[in-house]
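This report describes selected side-chain contacts, the surroundings of a ligand and some backbone features. The sequence and the structure come first.

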Amino acid sequence: MFITFEGPDGSGKSTQIKFAKEYLENKGFEVVTTRDPGGTSLGIKLREILLNYDGDICSLTEMLIFLADRAQHVEYKIKPLLAQGKIVLCDRYIDSTVAYQGYARGLSVDAAEYMNNIATQNFMPDLTFLFNLPVETTMERVAKQGTKDRLESEMREFHQKVIDGYLDIARRNPDRFRVIDGNKPVEEVSAAVKLALETFIKQNAIIINKLKTR
Ligand code: TYD
């Protein structure tokens with residue numbers, strides 16, 4: 001089971017990934033969390049460039065580096081972990097490229113989707129959580145965290161396009177997406193995640209219960 005967590009910067013994804021990991025472990029599954037970019041040792045170097053390089057990076061170069069990170073991540077980490085029967089929870093994946101580079105940077109959405117397919121060899125998540133919040137809230141949260149990285153430093157308009165892009169992707173992929181209202185107290189957001197996981201496990205019980213270690 002491969003589950004991805006998506007949303008704008010400051011949407012609370014990291015907190016909910018921790019919650020989902022604990023919840024699934026308590027159910028008897030082995031769970032590993034990872035992230036895009038930076039899930040492999042090469043990926044850590046690419047992440048550093050993507051988030052902190054202080055020269056110009058053209059939008060296409062940026063997308064290709066995210067995709068290079070992803071190709072490495074799928075091949076050397078995600079697939080091997082799944083083959084060992086682990087549940088993999090990934091902080092960002094293909095939909096980040098479509099939302100950030102496709103919709104917000106203004107590269108073609110079709111091209112972002114097509115190139116994602118090449119980078120991942122069509123390897124899709126089973127389930128994707130999207131945390132949806134107003135742009136003001138996400139930007140306030142990021143500002144409170146202190147220093148901003150290269151993408152977090154973009155203007156409001158960029159972040160609004162990311163959110164609108166995500167909602168459009170979710171509308172086009174209703175089977176895979178669970179859109180969660182992230183503009184609520186953290187316990188309520190976790191309760192929504194828990195309910196969606198519970199339902200997904202029930203619907204796929206025959207396959208998923210084979211993953212249980214106890
Ligand atoms: P993230 O790891 O969520 O940052 P943080 O550790 O600060 O929470 O994501 C890194 C940034 O990269 C984030 O601003 C989103 C952006 N991003 C893209 O623009 N395209 C992509 O394909 C991915 C995976 C991330």
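## Contacts in a predicted model

Lys-86 has a relative accessibility of 16% and therefore counts as buried, the limit being 20%. The model is a predicted one. Lys-86 makes a salt bridge with Glu-30, and the closest N and O atoms of the two are 3.6 Å apart. Lys-86 is found in the loop between α3 (59-83) and β3, whereas Glu-30 is in the loop between α1 and β2 (31-35), so this salt bridge ties together parts that are 56 residues apart in sequence. Glu-30 has a relative accessible area of 36%, which makes it partly exposed.

**Other salt bridges**

Side chains of opposite charge can pair when their charged atoms come close. How many salt bridges does a search of the whole structure find? The search finds 16.

One of them joins Asp-91 and Lys-13, with 2.6 Å between the closest N and O atoms. Asp-91 belongs to strand β3 (residues 87-91) and Lys-13 to helix α1 (residues 13-26), so the bridge ties together parts that are 78 residues apart in sequence. Both Asp-91 and Lys-13 are buried.

Another salt bridge is formed by the side chains of Arg-150 and Glu-62, at 2.6 Å from N to O. Arg-150 is in the loop between α6 (135-144) and α7 (156-172), and Glu-62 is in helix α3, so parts that are 88 residues apart in sequence are tied together by this pair. Arg-150 counts as buried at 19% relative accessibility, and Glu-62 counts as buried at 0%. Glu-62 and Arg-150 also belong to a network with Arg-105 and Glu-154, joined by salt bridges that share partners.

The table lists the three bridges described above.

| Salt bridge | Closest N and O atoms |
|---|---|
| Asp-91 and Lys-13 | 2.6 Å |
| Lys-86 and Glu-30 | 3.6 Å |
| Arg-150 and Glu-62 | 2.6 Å |

**Aromatic rings**

A search of the whole structure for aromatic pairs finds 8. Among these, Phe-2 and Phe-123 have ring centres 5.7 Å apart and ring planes at 25°, so the pair is stacked. The angle matters here because planes under 30 degrees apart count as stacked. Phe-2 is part of strand β1 (residues 2-6), and Phe-123 is in the loop between α5 (109-120) and β4 (127-132), so the two rings tie together parts that are 121 residues apart in sequence.

Is Phe-2 buried or exposed? Phe-2 counts as buried, at 1% relative accessibility. Phe-123, with a relative accessible area of 22%, is partly exposed.

Ring pairs also bring in Tyr-93, which forms a cluster with Phe-2 and Phe-123. The ring of Tyr-93 has the charged end of Arg-70 over it, 5.6 Å from the ring centre.

**Around the ligand**

Arg-70 appears again at the ligand, where one of its polar side-chain atoms lies 3.0 Å from a ligand oxygen atom. Arg-47 has an N or O atom in its side chain 2.8 Å from an oxygen atom of the ligand. For Glu-152, the distance from a side-chain N or O atom to an oxygen atom of the ligand is 3.2 Å. On its own the ligand has 560 Å² of accessible area, and the protein covers 89% of this.

Which of the 16 residues around the ligand come nearest? They are Asp-9, Arg-47, Arg-92, Thr-97 and Gln-101.

**Backbone features**

Most residues other than glycine have a negative phi, and most peptide bonds are trans. The following cases depart from that pattern.

The peptide bond from Asp-36 to Pro-37 is cis, and its omega is near -5°. Pro-37 is located in the loop between β2 and α2 (41-52).

Gln-121 is not a glycine, but its phi is positive, near 50°. Gln-121 is placed in the loop between α5 and β4, and its relative accessible area of 51% makes it exposed. Asn-122 likewise has a positive phi, of about 60°, without being a glycine. Asn-122 also has its place in the loop between α5 and β4, and at 54% relative accessibility Asn-122 counts as exposed. The loop between α5 and β4 is also where Phe-123 lies.

Technical notes:
Residues numbered from 1 in each chain as written. Predicted model: local features only at pLDDT ≥ 70, side-chain atom pairs only at ≥ 80, totals over all residues. Heavy atoms only, no water. Phe/Tyr/Trp six-rings, centres within 6.5 Å; stacked < 30°, edge-to-face > 60°. Helix = DSSP H or I, 4+ residues; strand = E, 2+ residues; numbered from the N terminus. Buried < 20%, exposed > 50% of the residue type's maximum accessible area, 1.4 Å probe, protein only. Lys NZ or Arg CZ within 6 Å of the ring centre and 35° of its normal. Salt bridge = Lys/Arg side-chain N within 4 Å of Asp/Glu carboxyl O. Near = heavy atom within 4 Å. Polar contact = N/O pair within 3.5 Å; in protein donor to acceptor, adjacent residues only side chain to side chain. Areas by Shrake-Rupley, 256 points an atom, 1.4 Å probe, with all protein chains shown as cover.
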